[in-house]
Amino acid sequence: MTDNEHKYPADEFDNPPSGPIGMHRGNRSLAVRIVPYLVTIVIAVLLGALAWAFFSGAFNSRTDASVAQSSSTAAESSSSASAADTASSSSSDASSTDASSADASSTESSADATASSDSSSSAEESPSESSSSSAAANTAAQIVVYNGSGVTGAAASNAQTLENNGYTNVTATNPADYNSLPSATTVWYRTDADLATAQDVAAKLGVSQVVQAGNISSDVAVVLR
């Protein structure tokens, strides 16, 4: 006997019954025993295929093809966006050009209208100016030059100046009454119709004072002082 036999009392485990007991599963079928081998073979085949694809470049070729396709798609999208932006910019430029052309046409039309208006105004003013010039050039009017200056020959000299400027009816004389003469050299005119002639005579002789006097005997009178 051993030490354990003296230490512990005997029980059912010290004398086990004959035959299988406990966790014994019994015999398994052939199919159940083959399954693990089949699984191992399939996994080995898959791993071998993946290894072959990786080392032979097939996997890389497919990856590169996918990347190239993605890049091509992105490039096409960018090109389409650029084309759309270009079309939009062209449309905006065309609109700006049309607006500028319209503004230029409007400006030219305004300028033409202004020029036409100015031309019409000039045309309307021309007859009036012509009438004034022709009225001022009434060289047949009766003109008398009075020498109230006391300078001998002053009336004759001024009369000659008027004749040299085209006047044909000019007389030089002395005044009958010196007390009735103005204090400064003056050109008198009798009626409104003689005003233009009086102004022209005053301009020719350098006289600044022109006054209407209805009691004079001539159309225009020049009083020298």
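A residue counts as buried when its relative accessible area is under 20%, as exposed when that area is over 50%, and as partly exposed in between. Keep this in mind for the exercises below, which all concern a predicted model.

## Exercise 1: Getting an overview

Task: Find out how many helices and strands the protein chain has, in which pattern they follow one another, and what share of the residues is buried.

Solution:
- Step 1. Begin with the elements: the chain holds five helices and five strands.
- Step 2. Now walk along the sequence, and the pattern reads α-α-α-β-α-β-β-α-β-β.
- Step 3. Apply the cut-off of under 20% relative accessible area. Of the 225 residues in the chain, 18% count as buried.
- Step 4. Turn to contacts between residues at least 6 apart in sequence: 71% of them join residues at least 24 apart.

## Exercise 2: The neighbours of strand E1

Task: Work out which strands pair with E1, and in which sense.

Solution:
- Step 1. Locate E1 at residues 143–147, where four of the five residues are buried.
- Step 2. Look at E2, residues 170–173: E1 pairs with E2 in the parallel sense, over four bridges. Within this pairing, Val 144 stands opposite Thr 171, and Tyr 146 faces Thr 173.
- Step 3. Follow the chain from E1 to E2. The path runs through helix H4, residues 154–164, and makes a right-handed β-α-β crossover.
- Step 4. Move on to E5, residues 220–224, which also pairs with E1 in the parallel sense, here over five bridges. Ile 143 has Val 220 as its bridge partner in E5, while Val 144 stands opposite Ala 221.
- Step 5. Put the two pairings together: Val 144 has Thr 171 opposite it in E2 and Ala 221 opposite it in E5.

## Exercise 3: Strand E5, covered or open?

Task: Decide whether E5 is enclosed or open, and name the residues on its two sides.

Solution:
- Step 1. Count the buried residues: five of the five in E5 are buried, so the strand is largely enclosed by the rest of the structure.
- Step 2. Separate the sides. Val 220, Val 222 and Leu 224 lie on one side, Ala 221 and Val 223 on the other, and both faces are covered.
- Step 3. Check another pairing of E5: strand E3 joins it in the antiparallel sense over four bridges. In that pairing, Trp 188 has Ala 221 as its bridge partner.

## Exercise 4: Two residues of helix H4

Task: Establish whether Ala 155 and Asn 158 are buried or exposed, and which residues they touch beyond four places away in sequence.

Solution:
- Step 1. Place both residues: Ala 155 is in H4, and Asn 158 lies in H4 too.
- Step 2. Compare each value with the cut-off of under 20%. Ala 155 has a relative accessibility of 5%, so it counts as buried. Asn 158 has a relative accessible area of 17%, so Asn 158 is buried as well.
- Step 3. List the contacts. Ala 155 touches Val 145, Tyr 146, Asn 147, Ala 172, Thr 173 and Leu 224. Asn 158 touches Val 145, Leu 205 and Leu 224.
- Step 4. Add a distance: the C-alpha atoms of Ala 155 and Val 144 are 9.0 Å apart, with their positions 11 residues apart in sequence.

## Exercise 5: The largest pocket

Task: Describe the lining of the largest pocket, then look at its residue Asp 177.

Solution:
- Step 1. Note the volume, about 150 Å³.
- Step 2. Name the lining residues: Tyr 146, Pro 175, Ala 176, Asp 177, Ser 180, Leu 181, Trp 188, Ile 216, Ser 217, Ser 218 and Ala 221.
- Step 3. Sort them by class, which gives seven nonpolar, three polar and one charged.
- Step 4. Find Asp 177 in the loop between E2 and E3. Its relative accessible area is 40%, so Asp 177 is partly exposed.
- Step 5. Finish with a distance: Asp 177 and Gly 148 are 29 residues apart along the chain, and their C-alpha atoms are separated by 9.4 Å.

## Exercise 6: Helix H5 and what follows

Task: Identify the buried residues of H5 and the residue that comes after the helix.

Solution:
- Step 1. In H5, residues 195–205, the buried residues include Thr 197, Ala 198, Asp 200, Val 201, Ala 202 and Leu 205.
- Step 2. Step past the end of the helix to Gly 206, which has a positive phi near 75°.

Methods: Residues numbered from 1 in each chain as written. Predicted model: local features only at pLDDT ≥ 70, side-chain atom pairs only at ≥ 80, totals over all residues. Heavy atoms only, no water. 1 Å grid on protein atoms, 1.4 Å probe; cavity = no way out; pocket = protein on both sides within 12 Å on 5 of 7 lines; lining within 4 Å. Points joined across faces, edges and corners; volume = space filled by probe spheres on them. Nonpolar A, V, L, I, M, F, W, Y, C, P; charged D, E, K, R; others polar. Buried < 20%, exposed > 50% of the residue type's maximum accessible area, 1.4 Å probe, protein only. Pairing = 2+ DSSP bridges. Right-handed = clockwise from strand over helix to strand, strands pointing away. Contact = heavy atoms within 4.5 Å.
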